[in-house]
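These are my notebook entries on a single structure. I set down what I looked up, in the order in which I looked.

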Amino acid sequence: MFYPFVFFLGMLLTALFSEAVLQHFWIAQMLKMRIEQVTKMYGPSWHDKAKMGTPSMGGVVFVLVYLVMFVAVAVYCRFPADLCLASVLYPLAAACVGFVDDWLKYKSNSSEGLKSLQKLFMQILITVPLAVYAVDGEFVLIADIVLPRWAGILFVSILGVTILNAVNVTDGLDCLAAGCTLITFAGIKAFMTLDPVTYVVLAVTAGICMGFLWHNANPAKVFMGDCGSHFLGAVIFVICLNCNAVLYMIPLSFIFMIEILSVAIQIFTIRKLHKKVFLMSPVHHHFELKGWGENQVVIRFCIIHMLGALIGTMLLSVIEMYM
């Protein structure tokens with residue numbers, strides 16, 4: 001028990017230090033290249049002054065640290081290549097989708113990158129092959145509830161695309177997405193049995209999040225961008241998939257799911273009912289407009305996320321136990 005903990009801690013601290021140091025130099029480079037935040041026209045008005053000009057592609061360092069550390073540990077520990085495939089390729093592919101979006105924003109000097117349907121198509125394109133690979137027979141949803149393979153593939157694909165977008169829309173305030181991801185990781189560590197490969201994925205990505213938060217603390221010196229948020233969403237998905245607990249991703253991603261649901265509700269009610277449910281979506285902007293300060297929103301959302309993940313996961317465990 002002692003040695004696995006030391007190994008986990010060593011990977012986490014190495015990733016933390018590497019992320020913090022490399023991000024420092026990447027921030028300086030982004031400032032030279034003027035890779036900076038251009039606030040959305042429909043965001044809160046005070047974000048123009050507070051966030052305009054902040055380097056906005058910090059997620060590039062996530063990918064670099066993750067690939068180097070994961071490959072190094074996998075080679076050293078002689079992990080089977082087939083077990084490592086999804087843990088490397090899917091986060092990398094998701095980060096590439098986000099990077100394309102970030103790069104288009106940079107080149108056009110605007111807040112608009114890929115169109116929504118373009119991004120959705122690319123997300124589906126990378127997620128469906130993973131779902132097909134992961135679901136190789138009947139899919140056990142929970143306890144005795146079993147789905148046929150086609151339904152399992154569809155369900156897994158929908159969840160994968162959802163978490164990519166959910167983390168993406170949550171990344172609108174300093175520390176919110178990375179902080180909530182760390183809480184999700186803590187829940188995964190507490191409730192799931194991790195194989196060695198997934199153990200490495202969790203430790204390295206947790207360290208990356210901590211190292212990023214060093215620079216992302218309000219007022220942020222860097223934002224992760226779509227590259228970073230897509231990468232984190234993909235890692236959460238891959239970990240739950242590797243643990244055969246993809247349904248648990250829903251409660252463990254509680255605040256992410258609330259955020260993406262708020263966007264869906266807002267779009268539906270505006271288009272169909274011609275009215276707004278929220279002052280602004282995602283829902284964190286609603287509370288900003290209600291008068292909550294940015295730090296208040298972040299801390300309170302992290303608390304809600306922690307409680308939602310804990311209660312939801314426990315309820316799901318009880319349901320599974322008695323079914």
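Entry 1, salt bridges. I looked up the salt bridges in this predicted model and found five of them.

I took the pair of K119 and D101 to begin with; their closest N and O atoms are 3.1 Å apart. K119 belongs to helix α5 (residues 116-134) and D101 to helix α4 (residues 81-108), so this salt bridge ties together parts that lie 18 residues apart in sequence. I checked both partners for exposure: K119 is buried, and D101 is buried as well.

I then turned to K105 and D226, whose side chains meet in a salt bridge at 3.6 Å, N to O. Here K105 sits in helix α4 and D226 in helix α9, so the parts tied together are 121 residues apart in sequence. K105 and D226 are both buried. I noted further that D101, K105, K119 and D226 are linked in a network of salt bridges.

I also recorded the salt bridge of E36 with R34, in which the closest N and O atoms are 3.4 Å apart. E36 has 26% relative accessibility and therefore counts as partly exposed. R34, at 55%, counts as exposed because the cut-off for that class is over 50%.

Entry 2, nonpolar core. I asked which residues have the most contacts inside the largest nonpolar core. They are F70, I163, F185, M192 and F237, in a core of 95 residues. Helix α8 (residues 196-216) gives the most to this core, namely 12 residues. I recalled that nonpolar side chains tend to be buried together in soluble globular proteins.

I followed I163 further. Setting aside neighbours within four places in sequence, I found I163 in contact with G233, I236, F237, M249, S253, F256 and M257.

Entry 3, G211. I located G211 in helix α8. G211 has a relative accessible area of 0%, which is why I list this residue as buried. Beyond residues up to four places away in sequence, G211 touches L16, E19 and A20. I also looked up G211 and S18: the two are 193 residues apart in sequence, yet their C-alpha atoms are 7.6 Å apart in space.

Entry 4, helix α11. I looked up the length of helix α11 (residues 254-273). This helix has 20 residues and spans 27 Å from its first C-alpha to its last, close to the expected 28 Å. Its buried residues are I255, F256, M257, E259, I260, S262, V263, Q266 and T269. I asked what the buried residues of α11 pack against. The partners are α6 (149-170), α7, α9 (225-242), α10 (249-252), α12 (283-289) and α13. After α11 comes H274, and I noted that its phi is positive, near 55°.

Entry 5, surface patch. I looked for nonpolar residues on the surface and found a patch formed by F191, I299, I303, L307, L310, I311, M314 and L315. Together these residues have about 760 Å² of accessible area. Which helix gives the most to the nonpolar patch? I found helix α13 (residues 294-322), with seven residues. F191, for its part, lies in helix α7 (residues 176-191). I classed F191 as partly exposed because its relative accessibility is 37%.

Methods. Residues numbered from 1 in each chain as written. Predicted model: local features only at pLDDT ≥ 70, side-chain atom pairs only at ≥ 80, totals over all residues. Heavy atoms only, no water. Core = buried A, V, L, I, M, F, W, Y, C linked by side-chain atoms within 4.5 Å. Buried < 20%, exposed > 50% of the residue type's maximum accessible area, 1.4 Å probe, protein only. Helix = DSSP H or I, 4+ residues; strand = E, 2+ residues; numbered from the N terminus. Contact = heavy atoms within 4.5 Å. Patch = residues over 30% accessible without salt bridge, like charges linked within 9 Å, V, L, I, M, F, W, Y side chains within 5 Å. Areas by Shrake-Rupley, 256 points an atom, 1.4 Å probe, with all protein chains shown as cover. Salt bridge = Lys/Arg side-chain N within 4 Å of Asp/Glu carboxyl O. Expected span 1.5 Å × (residues − 1).
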